[in-house]
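Student: I have a structure open and want to know what lies behind the labels. Can we go through them one at a time?

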Amino acid sequence: MVIVEVVLETDEAVGFTAWPIAEPSNDRFLALSGQMPPAEVGTAMAVILSYNRLSVEPVTDLTSAQLEQHLAEAEALIAPGGLRFRDTTTNAQVAPGCCFGLENWRDWLDVMRGQELWLGHSPAPRLEHDGQFIRLSPDDRDDSPSLTIEINVNEIPGLLTSAQQQLSGFLNLAQQWTSHTTPQLTVPLIAALDEHLKINEALNTP
């Protein structure tokens with residue numbers, strides 16, 4: 001059985017001190033969901049604000065106007081990460097490579113249409129089509145069968161629905177978190193996350 005997790009790279013949170021954050025995991029990925037403790041939500045928000053260069057010092061003084069000006073100039077709110085797939089039978093897993101953005105998670109819909117998908121680099125995960133199946137390898141330099149995950153394309157809608165539920169759960173926690181930590185940003189930041197990460201938009205599978 002293949003499952004999916006929405007993950008965020010946490011390198012941007014290293015050295016962050018404006019609010020409590022969680023200890024980084026060994027692989028530097030943080031799984032987003034509606035079950036995260038406050039410190040992990042704090043880590044995710046630190047990553048998102050830092051990655052988008054919303055680094056007013058102290059960051060808790062960032063105003064709604066400054067956020068809206070940044071969004072107008074940058075035209076997007078982005079986050080490092082993506083979807084991590086795991087085969088529960090073999091325990092093989094494939095995580096997004098460097099520079100793949102969480103905002104692109106819906107690009108997996110294109111895979112159902114037979115299209116290719118760039119999944120980042122260093123390492124560079126590889127995706128191959130084989131009829132009704134796709135094969136994922138964690139690094140294009142190593143195609144060992146023990147590391148490869150095979151997914152029937154008919155499973156993708158269910159996997160993406162799961163990913164959307166995880167993102168929606170995270171967004172709810174982020175709203176609660178911002179209302180206590182950066183209340184001046186609650187409305188614009190949560191709205192921006194929903195819009196730019198395409199969280200609650202209808203998931204129109206082929």
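Tutor: Start with the sheet of four strands in this predicted model. The strand order is β2-β1-β3-β4, the sheet is open, and the pairing is antiparallel.

Student: What makes β2 and β4 the edge strands?

Tutor: Each of them pairs on one side only. β2 covers 29-32 and β4 covers 93-94.

Student: How do you know that β1 and β3 are paired?

Tutor: Count the bridges. Two strands pair if there are at least two bridges between them. Strand β1 (residues 2-9) and strand β3 (residues 81-87) share seven, so they count as paired. They run antiparallel. To find the register, look at Val 2, which stands opposite Asp 87 in β3.

Student: Which helices lie against this sheet?

Tutor: α1 packs on it, touching β1 and β2. The direction of α1 makes about 110° with that of β2. α4 lies across β1, β2 and β3, and runs at about 40° to β1.

Student: Why are α1 and α4 called roughly perpendicular?

Tutor: Take the crossing angle. The axes of helix α1 (residues 38-51) and α4 come within 10 Å and cross at roughly 90°. Angles of 65 to 115 degrees count as roughly perpendicular. The value falls in that range, so the label for α1 and α4 follows.

Student: What makes up that contact, by class?

Tutor: Nine nonpolar residues, two polar and no charged ones. From α1 come Pro 38, Val 41, Gly 42, Ala 44, Met 45 and Ile 48. They meet Phe 170, Leu 173, Ala 174, Trp 177 and Thr 178 in α4. Gly 42 is one of the polar residues, because Gly is counted in that class.

Student: Why are α2 and α5 called parallel rather than perpendicular?

Tutor: Again, use the angle. Helix α2 (residues 64-74) and helix α5 (residues 186-196) have axes that come within 10 Å and cross at roughly 20°. Under 35 degrees counts as roughly parallel. So α2 is roughly parallel to α5.

Student: Which residues make that contact?

Tutor: Ser 64, Leu 67, Glu 68 and Leu 71 come from α2. Pro 188, Leu 189, Ala 192 and His 196 come from α5. By class, the contact of α2 with α5 has five nonpolar residues, two polar and one charged. Glu 68 is the charged one, because Glu belongs to that class.

Student: What about the nonpolar core: how many residues are in the largest one?

Tutor: It has 59 residues. Leu 32, Phe 85 and Trp 108 have the most contacts inside it. Helix α4 (residues 156-181) gives the most to this core, with ten residues.

Student: What does Leu 32 touch?

Tutor: Leaving out residues up to four places away in sequence, Leu 32 touches Val 6, Leu 8, Ala 44, Leu 102, Gln 166, Leu 167 and Phe 170.

Student: Is Thr 10 buried or exposed, and how do you know?

Tutor: Its relative accessible area is 6%. Buried means under 20%, so Thr 10 is buried. Thr 10 lies in the loop between β1 and β2. Beyond its neighbours within four places in sequence, Thr 10 is in contact with Pro 24, Arg 28, Phe 29, Leu 30, Thr 43 and Val 47.

Student: And Gln 35: buried or exposed?

Tutor: Exposed. Gln 35 has a relative accessible area of 73%, and the cut-off is over 50%, so the label holds. Gln 35 is found in the loop between β2 and α1.

Student: Why is Cys 99 called partly exposed?

Tutor: Its relative accessibility is 49%. That value is neither under 20% nor over 50%, so Cys 99 counts as partly exposed. Cys 99 lies in the loop between β4 and α3 (108-112). Its phi is near 80°, a positive value in a residue other than glycine.

Student: What makes Lys 198 partly exposed?

Tutor: The same test, with a relative accessible area of 32%, which also lies between the cut-offs. Lys 198 is found in the segment after α5. Phi of Lys 198 is near 50°, again positive in a residue other than glycine.

Student: How do you know that β6 and β7 pair?

Tutor: Strand β6 (residues 133-137) and β7 share four bridges, and at least two are needed, so they pair. The sense is antiparallel. Phe 133 stands opposite Asn 152 in β7. These strands belong to an open sheet in the order β5-β6-β7.

Terms used: Residues numbered from 1 in each chain as written. Predicted model: local features only at pLDDT ≥ 70, side-chain atom pairs only at ≥ 80, totals over all residues. Heavy atoms only, no water. Core = buried A, V, L, I, M, F, W, Y, C linked by side-chain atoms within 4.5 Å. Buried < 20%, exposed > 50% of the residue type's maximum accessible area, 1.4 Å probe, protein only. Contact = heavy atoms within 4.5 Å. Axes fitted to C-alpha atoms, helices over the stretch in contact; angles between N-to-C directions. Parallel < 35°, antiparallel > 145°, perpendicular 65-115°, else oblique.
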